[in-house]
Amino acid sequence: MTLRLVEFVVAGNEASDLLPVRSAALLRAYGARRGFWTVLDEGPVERCLVLLLQLDDGEWTARHVGADAGEENGRTEDGEALAHHDGWVYVFGSHFGSKAGPLRPRRAFVARFREDDAAAGPVPVQVVRNSFRLHRAVNDALAASPLTLLPPGERVRERFIVETLARGTAREKKWVSRLAPDDLPLNVEAAVFTPAGTVLLGLRFPVTEAGEPLLVEVAGVPEMFTAEPTWPRALRAYALTGVTPPGELTGFRAITPTSDGGYAAVIGSIDALGKGSVLLDDHPGGGDVTSRHVRFRLPGGASNGAYRLVGESVANLAPFHHVEGLAELDGRPFYVTDEDHRVALWVG
């Protein structure tokens, strides 16, 4: 596959995920024929929303979108995944921590904004920080599934779980009751809503014992934002089979719906090389892994007992190790890569 590079400089930052703009009003406001949302990887969510736009004259430009999260301004970090639902753009935090741990409560959030609102003025952003409730629900779903997961490793467990529990206990945080010593740290990197209104969360970590990437289907995400909010519940965990090379560990990096009712995704390394990752200290087979573009479908109904999804390889994206976002638009793939101090869009 031949790819064309479009480079942007956006506040000296790097991008996560790639979500096509659906709002005609928003495109008209910018004089654009198409566009994508991405989220920057450093700072609170309200400072990290960016549009990558192809203008009517064919030129590409990046626009940093002003936003206001009200009383939640400055209280989130590490937005990783974007998804559309019912006119809203949802932003999911990683629910992870720094590469050496511990878990960070500021990353356990979901935010949303009306896409049409971005056509004029600062965008009102709603933020719900879940204080490890999603961590608890997903860990319980993984434990209840018949899937055999890769043990986290002693350093990973110590840095991400034991240390988080110790810090929370010392600070008398109520959320310590939602963590358990045998939990797995979660790194949410991808998200997509299903036609049923549930969300598929693509995890970069954990993975199965065979190194396969994991999805967890979650219900009730929009209900977090209602006048009488409730918390999401995890329904089912899935492993994506047939796309991980032997001896490697691969996690999800991006997910997008396809026109035929299935899903396309990018899988790749479980963490970046050369940045002090405790995950890679314990699991070196998850580092030097190039990205792959894959496809899969969900089973027809939850009652069939399927926990494994058969994946199909679309493209090996070597030599890229850090493809962070994927969109399929007008029959072409678009990718965004995690490059040092730039946003790099690749057009198929």
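## Strands S4 and S5

S4 and S5 run antiparallel and are joined by 5 bridges. In this predicted model, the two strands form a hairpin with 4 residues between them. Glycine 58 sits in the turn and has a positive phi of about 95 degrees. One of the bridges links valine 50 to histidine 64, its partner in S5.

## The other side of S4

S4 (residues 49-55) also pairs with strand S3 (residues 32-40), again in the antiparallel sense, over 7 bridges. Here alanine 32 has leucine 55 of S4 as its bridge partner.

How many residues of S4 are buried? The count is 7 of its 7 residues, and the strand is described as mostly covered. Both of its faces are covered. Leu49, Leu51, Leu53 and Leu55 are buried on one side, while Val50, Leu52 and Gln54 are buried on the other. Valine 50, the partner of histidine 64 in S5, and leucine 55, the partner of alanine 32, thus belong to opposite faces of S4.

## The sheet as a whole

These strands are part of an open sheet of 4 strands, in the order S2-S3-S4-S5, with antiparallel pairing. Its edges are strand S2 (15-20) and strand S5 (60-64), each of which pairs on one side only. On average, neighbouring strands of the sheet are turned by 25 degrees against each other, direction ignored. Strands of a sheet pair through backbone hydrogen bonds, either parallel or antiparallel.

## Helix H2

Helix H2 covers residues 133-144, 12 residues in number. From its first C-alpha to its last, H2 reaches 17 Å, close to the 16 Å expected at 1.5 Å a residue.

The buried residues of H2 are Leu134, His135, Arg136, Ala137, Val138, Asn139, Ala141 and Leu142. What covers them includes helix H3 (154-170) and three strands: S13 (199-205), S14 (214-219) and S15 (233-241).

## Leucine 215 in strand S14

Strand S14, part of the cover over H2, contains leucine 215. Is leucine 215 buried or exposed? Leucine 215 is buried, because its relative accessible area is 1%, and the cut-off for buried is under 20%.

Beyond its neighbours within four places in sequence, leucine 215 is in contact with Leu200, Leu201, Gly202, Arg236, Ala237, Tyr238, Phe252, Ile255, Phe296 and Leu309. Glutamate 172 lies 43 residues from leucine 215 along the chain, and the C-alpha atoms of the two are separated by 32 Å.

Note on methods. Residues numbered from 1 in each chain as written. Predicted model: local features only at pLDDT ≥ 70, side-chain atom pairs only at ≥ 80, totals over all residues. Heavy atoms only, no water. Expected span 1.5 Å × (residues − 1). Buried < 20%, exposed > 50% of the residue type's maximum accessible area, 1.4 Å probe, protein only. Contact = heavy atoms within 4.5 Å. Pairing = 2+ DSSP bridges. Axes fitted to C-alpha atoms, helices over the stretch in contact; angles between N-to-C directions.
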